[in-house]
Structure formats: structure tokens, C-alpha cells
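Trainee: I would like to learn how to read a strand-rich model step by step. Where should I start?

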Amino acid sequence: MKNRILLFVVILGAVMILTSCNKENEVAKPVITIHELGDGDSHGNDHTAKIGGELHMDIDVVAEGKIDVIQVIIHPEGEHHEKDGHDEWEVDSIYTKFSGLKNTTFHEHIEVAATAEPGDYHFDFIVTDMEGNQSSAEAELEIIEE
Ligand SMILES: [Zn+2]
């Protein structure tokens, strides 16, 4: 009798372990598709934006585990020199308004500072879901003089 109870406990334990493993596998990481990245005025898709203008972003996000936060990071690629008092233009924005959604079309614009230097920039798009899964997508970006 004792052995049976012990066996039952062991089986129950094994089932619980299997169940928790399955649960982890069930929730897929967020899937990010960058559709468009470009000039804000024309909602362009040539991966360029003008100094003093806006960057247009059209990005699809599917998050089975529900979106928690979306982060956009833009930083200069390679060597940028500070000249004429220009500062390095960098973006690190957190978007929480999509929190709780399973999928969304992220259509947002980011202002390109008038003091930004022209050149190559790196664009990072990071999605964290409510299960703690994280996915990211990246793209090249060119900032041009108006
Ligand atoms: Zn747009």
C-alpha cells in the first residue's frame, strides 16, 4: 500500500514537471516583421530619414504571450564625429501603450533631432512579452541632410 502511494506521488510529480515544461513551450516568442522604415512625410520605406524630420516605422508584432513593452533604440553606426557643436543623436524609447495586446501594427514616428549628424545609424526594435520572452529585429538606417 505504501509503495502504491509512493508510486502515485512519483507519477504525479513527473506529470507536473511535464506539464510545466509543456506550458513553457506553448508560448512562442514575439514575432517581429519590419514592413516599413523611412521618411515620416511620405511614410517611406527607403530606410532613410531627414535631419529635423521624422522617422516613420511600420512594424508588425505578434506576441502569443501578450506584449509587455516595446523598445526602440537608434544609435550611430561606426565613427561619428562631433562637429559644429553637433551632439550624437540617439534614441532609446519605451512604448507601453501596446501592453496586453497579442498582436499590433506598430505605426509610430520618431523625431530626428535638428542637431543630428548625417550618416549611418543602427535601428533596434525589441519586444518583451508578459511571459518574459524577448525578441528583437534590427535594420540599417541612414540619416540625411534635408
Ligand atoms: Zn508613418
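**Reading the sheets**

Mentor: Start with how the strands are grouped. Here, in a predicted model, β1, β3 and β6 make up an open sheet of 3 strands, in the order β1-β3-β6 and with antiparallel pairing. At its edges are β1 (31-39) and β6 (103-111), each of which pairs on one side only. Neighbouring strands of this sheet are turned against each other by 15° on average, direction ignored.

Trainee: How many bridges join β3 to β6?

Mentor: There are 9, and the two strands run antiparallel. To fix the register, take one pair: V61 has T104 of β6 as its bridge partner.

Trainee: Which elements does the protein have as a whole, and how do they follow one another?

Mentor: The protein has 1 helix and 8 strands. From the N terminus on, the run is α-β-β-β-β-β-β-β-β.

Trainee: What is the strand order in the sheet of 5 strands?

Mentor: The order is β2-β8-β7-β4-β5; this sheet is also described as open, and its pairing is mixed. β2 and β5 (91-95) stand at the edges with a single partner strand each, so one side of each has no neighbour in the sheet. The average turn between neighbouring strands of this sheet is 25°, direction ignored.

Trainee: Where does a parallel pairing occur in it?

Mentor: Look at β2 (residues 48-50) and β8, which pair in the parallel sense over 3 bridges. K50 has I144 in β8 as its bridge partner. By contrast, β7 and β8 run antiparallel and are joined by 10 bridges, with Y121 partnered by L141 of β8. β4 and β7 also pair in the antiparallel sense, over 9 bridges, and V69 stands opposite T128 in β7.

Trainee: What links β7 to β8 along the chain?

Mentor: The two strands form a hairpin, with 4 residues between them. G132, in the turn, has a positive phi of about 90°.

Trainee: Which residues other than glycine have a positive phi?

Mentor: Two cases to look at are H43, with a phi of about 50°, and H47, with a phi near 60°. H43 lies in the loop between β1 and β2, and H47 is found in the loop between β1 and β2 as well.

Trainee: How should I read the surroundings of these two histidines?

Mentor: Count C-beta neighbours; a residue is buried at 20 or more within 10 Å and exposed at 12 or fewer. H43 has 14 other C-beta atoms within 10 Å, so H43 is partly exposed. H47 has 18 inside 10 Å, and therefore also counts as partly exposed. Of the 146 residues of the protein, 16% count as buried.

Trainee: Which residues touch the most other members of the largest nonpolar core?

Mentor: They are V112, F123, L141 and I143, in a core of 19 residues. β3 (54-62), β4 (67-76), β7 (119-129) and β8 (134-144) each supply at least two residues of this core. As a general idea for reading strands, side chains in a regular strand alternate between the two faces of the sheet.

Trainee: What does V112 touch, leaving aside residues up to four places away in sequence?

Mentor: V112 touches A49, K50, I51, G52, G53, E54, L55, W89 and I143.

Trainee: And how can I judge sequence separation over the whole protein?

Mentor: Take the contacts between residues at least 6 apart in sequence: 69% of them join residues at least 24 apart.

Terms used. Residues numbered from 1 in each chain as written. Predicted model: local features only at pLDDT ≥ 70, side-chain atom pairs only at ≥ 80, totals over all residues. Core = buried A, V, L, I, M, F, W, Y, C linked by C-beta atoms within 7 Å. Contact = placed C-beta atoms within 7 Å. Pairing = 2+ DSSP bridges. Axes fitted to C-alpha atoms, helices over the stretch in contact; angles between N-to-C directions.
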